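I opened this entry to work through one model from the whole chain down to a single strand. My notes follow in the order I looked things up.

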Amino acid sequence: MNDYAGQHEVISENMTSLITGELTRYVQELKQERKSHFHDGRKAQQHIETCWKQLEASKRRFERDCKEADRAQQYFEKMDADINVTKADVEKARQQAQLRHQMAEDSKAEYSSTLQKFNSEQHDHYYTHIPNIFQKIQEMEERRIVRIGESMKTFAEVDRQVIPIIGKCLDEITKAAESIDHKNDSQLVIEAFKSGFEPPGDIDFEDFTQPMKRTVSESSLSNSRGDGKSEPKFGGKSKGKLWPFIKKNKLSLKLGAGPEDFSNLPPEQRRKKLQQKVDELNKDIQKEMDQRDALTKMKDVYIKNPQMGDAASVDHRLAELGQNIEKLRLEVQKFEGWLAEVEGRLPLRGEQARRQSGLYEAQSTAAVNSCAQDRESPDGSYTEEQSQETEMKVPATDFDDEFDDEEPLPTIGTCKALYTFEGQNEGTISVAEGEMLYVIEEDKGDGWTRIRRNEDEEGYVPTSYVEVYLDKNAKDS
């Protein structure tokens with residue numbers, strides 16, 4: 001999908017550089033050229049208008065001079081016919097009439113010349129200048145159309161160049177879609193979110209008809225109650241109430257992107273993951289050491305028999321192997337430190353739980369111990385019970401009441417924080433070491449206990465971080 005999107009980005013970049021940028025510059029050039037042509041057209045129009053005005057002025061002057069010459073001629077004829085007028089006045093009128101006739105002739109010649117000039121200019125304007133301007137504008141527009149066509153061809157070439165790559169991307173997308181293995185995906189999710197605890201074993205039959213053979217140390221009252229409680233917990237209440245696991249999924253980090261120390265996993269699964277990582281790193285160290293030993297032997301052979309090879313040629317590889325081994329050992333130390341931290345906490349608290357369990361069992365009270373309790377799985381391997389509470393409830397109705405209550409929001413006990421926990425994920429709550437809080441929901445087997453500080457503050461904390469004391473009266477009520 002990224003490659004597919006990348007090809008479209010290539011198309012966009014090429015269109016911007018080869019088409020949009022070039023057309024933008026070309027449009028600016030066309031604007032300047034078009035402006036120049038329109039300027040030439042306005043000049044030609046102004047010139048022909050000026051010539052027309054000159055022609056009109058010459059025409060009006062010729063008309064005026066003709067009228068004045070006619071009036072001067074009439075005045076001369078009137079003076080010549082009048083016997084009372086002196087000869088000098090008649091001669092003066094005659095000269096004035098001749099002058100006006102001459103002016104009219106001059107105006108006539110000027111008008112004729114201006115008319116011929118205007119006709120010539122008008123012919124050139126309509127048959128030469130204006131057609132040339134329009135021809136240039138037409139050629140400019142034709143070039144623009146051709147350039148747009150070339151840009152369209154460029155776009156087609158740009159798109160055509162990436163079509164094979166886009167086709168391959170689509171083929172790979174189809175191939176990836178067809179290769180989806182939903183079963184494997186489900187298994188990956190299961191591996192990422194499973195608690196890592198073994199299911200509880202079968203409860204042994206206790207023969208109460210032989211009380212003389214039972215001792216306090218052999219009595220399994222506490223453990224049997226714990227086992228008896230665990231079994232219906234998985235088989236009964238959890239069936240109708242799976243949301244604690246959903247909450248856990250929200251708390252966990254994104255699949256495949258967990259922290260290096262697997263701190264997002266429950267304690268037991270984290271221990272197994274860390275142990276697996278340490279084993280893998282030790283195997284890698286052994287491989288590197290085997291290669292180094294082999295190269296060392298080869299170097300010894302080369303030193304003893306120089307004709308077989310150059311001993312210095314393996315020095316670089318030996319140095320590289322030494323660096324790799326040192327890096328792997330540092331990694332092993334880091335993971336062993338985390339592993340020691342997990343294993344150093346849980347067994348210690350398990351011993352404390354066993355001591356409390358023995359004490360309460362000897363006193364035959366209804367108190368509850370809650371810390372991490374060590375148990376033996378059916379196959380004899382060590383697992384950590386993360387339920388954090390073992391109720392000393394003899395009446396079987398107590399368990400029935402618990403399982404009938406789908407969401408026990410009332411307080412069912414108290415707990416003490418053994419370690420500081422930073423509740424940074426959704427649904428969790430931060431606690432400080434030694435802090436006393438209320439328990440409103442027990443561990444359902446997913447490694448989380450729901451607690452409350454006050455009416456507004458409640459959330460989940462890792463069961464292994466708190467020591468729970470369940471309240472029997474609260475549970476019964």
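**Overall layout**

I counted 9 helices and 7 strands in the protein. Helices (H or I, at least four residues) and strands (E, at least two) are DSSP runs, numbered from the N terminus. The model is predicted: local features need pLDDT of at least 70, side-chain atom pairs count only at pLDDT 80 or more, and totals for chains, interfaces and linings use all residues. Residues are numbered from 1 along each chain as its sequence is written, and side-chain values use heavy atoms, with hydrogens and water left out.

I checked burial next. Of the 477 residues, 32% count as buried. Buried means under 20% relative accessible area, exposed over 50%, and partly exposed in between (1.4 Å probe, protein chains only). I then looked up contacts, meaning heavy atoms within 4.5 Å. Among those with a separation of 6 or more, 70% come from residues 24 or more positions apart.

**Strand S5**

I turned to S5, residues 448-452. How many of its residues are buried? I found 5 of the 5, so S5 is largely enclosed by the rest of the structure. I then split the strand by face. In a regular strand the side chains alternate between the two faces of the sheet. Trp-448, Arg-450 and Arg-452 lie on one side of S5, Thr-449 and Ile-451 on the other, and both faces are covered.

**Its partners**

I looked for paired strands, where DSSP must find at least two bridges between the two. S4 (residues 436-441) pairs with S5 in the antiparallel sense over 3 bridges. Val-439 stands opposite Ile-451 there. The S4-S5 hairpin has 6 residues between the strands, and Gly-445 takes a positive phi near 100 degrees.

On S6 (residues 458-462) I found 5 bridges to S5, again antiparallel. Here Ile-451 stands opposite Gly-459. The S5-S6 hairpin has 5 residues between its strands.

**Cores**

Where does Ile-451 appear again? I found it in the largest nonpolar core, of 18 residues, among the members that touch the most others, along with Cys-415, Phe-421, Val-431, Val-439, Val-461 and Val-468. Such a core is a set of buried Ala, Val, Leu, Ile, Met, Phe, Trp, Tyr and Cys residues joined through side-chain atoms within 4.5 Å. S3 (413-417), S4, S5, S6 and S7 (466-470) each give two or more residues to this core. S7 supplies the largest share, 3 residues. I noted another core apart from it, of 11 residues, including Val-278, Leu-281, Ile-325 and Leu-339.
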